[in-house]
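Here is a briefing on a predicted model. The topics are pocket, disulfides, free cysteines and helices.

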Amino acid sequence: MGRKPSPRAQELPEEEARTCCGCRFPLLLALLQLALGIAVTVLGFLMASISPSLLVRDTPFWAGIIVCVVAYLGLFMLCVSYQVDERTCVQFSMKVFYFLLSALGLMVCMLAVAFAAHHYSLLAQFTCETSLDSCQCKLPSSEPLSRAFVYRDVTDCTSVTGTFKLFLIIQMVLNLVCGLVCLLACFVMWKHRYQVFYVGVGLRSLMASDGQLPKA
């Protein structure tokens, strides 16, 4: 008589079905974080090159750098040092750290979206004119001494009212998508850690092994 396969061996196909590119954790999320982080970073530096007077909050390359760091940690954890069932303290610490950094990436991306939306709303109301080597913009106001916004080293205001405004829209979209990916990464990490959403699978397997249904 042959030996009966252990319950752990019976669960292996189910565990392997949850893998992605050889990793139990969805590797696609980390790759999306990396791609979006690089896109946000590059676009942020392009925005900063338009005028040196732009504030750091208006050129959110910092959000892309943080998301890239999160993605690199996720890729390292998923494809280099992953061990089943968190058999090491290092593995557990990396999972917690990745979860926390993904939450930080979510908050940073939402902050970048808020800053970009605020600047875009101002640009929609600006009245701009070129003065020497700068572009001076003012908000419509009845006061003669209304606040002026000066973009230095800008020879044509269309680079502010046109190109920079387009960059702000793209930044809002990229950071919004990046924030959603970070939120999804937190969701999947939480589910993977506590197996909250696999309880039904475990209950069905338990009922199948007992051969009976629970009484109401």
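Two elements, helix 4 (89-123) and strand 3 (148-152), each supply at least two residues of the lining of the largest pocket. The volume of this pocket is about 310 Å³. The model is predicted, and local features need pLDDT of at least 70.

**Largest pocket**

- The lining counts 15 residues.
- Nearest the pocket centre lie Leu55, Asp58, His119, Arg147 and Phe149.
- Sorted by class, the lining has 9 nonpolar residues, 3 polar ones and 3 charged ones.
- Rolling a probe the size of a water molecule over the atoms shows where empty space is left.

**Disulfides**

- How many disulfides does the structure hold? There are 2.
- Cys128 is joined to Cys137, with an S to S distance of 2.0 Å.
- The link of Cys128 and Cys137 is right-handed, with 110° about the S-S bond.
- The two ends of this link are Cys128, partly exposed at a relative accessible area of 24%, and Cys137, buried at 0%.
- The sulfur atoms of Cys135 and Cys157 are 2.2 Å apart and form a disulfide.
- The disulfide of Cys135 and Cys157 is right-handed, because the torsion about its S-S bond is about 120°.
- Cys135 sits in strand 2 (residues 134-138), while Cys157 sits in the loop between strand 3 and helix 5 (158-194), so this pair ties together parts that are 22 residues apart in sequence.
- Cys135 is buried, with a relative accessible area of 0%.
- Cys157 is buried as well, with a relative accessible area of 8%.
- Counting bonded cysteines along the chain, the pattern is 1-3, 2-4.

**Cysteines outside the disulfides**

- Cys109 is in no disulfide. Its nearest cysteine sulfur belongs to Cys178, 3.7 Å away. A disulfide needs sulfur atoms within 2.5 Å, so a distance of 3.7 Å does not qualify.
- Cys109 has 0% relative accessibility, so Cys109 counts as buried.
- Cys182 is in no disulfide either. For Cys182 too, the nearest cysteine sulfur is that of Cys178, at 4.6 Å.
- Cys182 is buried, because its relative accessibility is 0%.

**Helix 2**

- Helix 2 covers residues 27-48, which is 22 residues.
- What span should helix 2 have at 1.5 Å a residue? The expected span is 32 Å. The end C-alpha atoms are 32 Å apart, which agrees.
- The buried residues of helix 2 are Leu27, Leu29, Ala30, Gln33, Leu34, Leu36, Gly37, Val40, Thr41, Leu43, Gly44 and Met47.
- An α-helix has 3.6 residues a turn, so residues three or four places apart point the same way.

**Gln171**

- Where is Gln171 found? Gln171 is in helix 5.
- Is Gln171 buried or exposed? Gln171 counts as buried, because its relative accessibility is 1%.
- Leaving aside residues up to four places away in sequence, Gln171 touches Val40, Leu43, Gly44, Met47 and Pro60.
- Among these contacts, Val40, Leu43, Gly44 and Met47 are buried residues of helix 2.
- Gln171 and Phe115 are 56 residues apart in sequence. Their C-alpha atoms are 10.0 Å apart in space.

How values were computed:
Residues numbered from 1 in each chain as written. Predicted model: local features only at pLDDT ≥ 70, side-chain atom pairs only at ≥ 80, totals over all residues. Heavy atoms only, no water. 1 Å grid on protein atoms, 1.4 Å probe; cavity = no way out; pocket = protein on both sides within 12 Å on 5 of 7 lines; lining within 4 Å. Points joined across faces, edges and corners; volume = space filled by probe spheres on them. Helix = DSSP H or I, 4+ residues; strand = E, 2+ residues; numbered from the N terminus. Nonpolar A, V, L, I, M, F, W, Y, C, P; charged D, E, K, R; others polar. Buried < 20%, exposed > 50% of the residue type's maximum accessible area, 1.4 Å probe, protein only. Expected span 1.5 Å × (residues − 1). Contact = heavy atoms within 4.5 Å.
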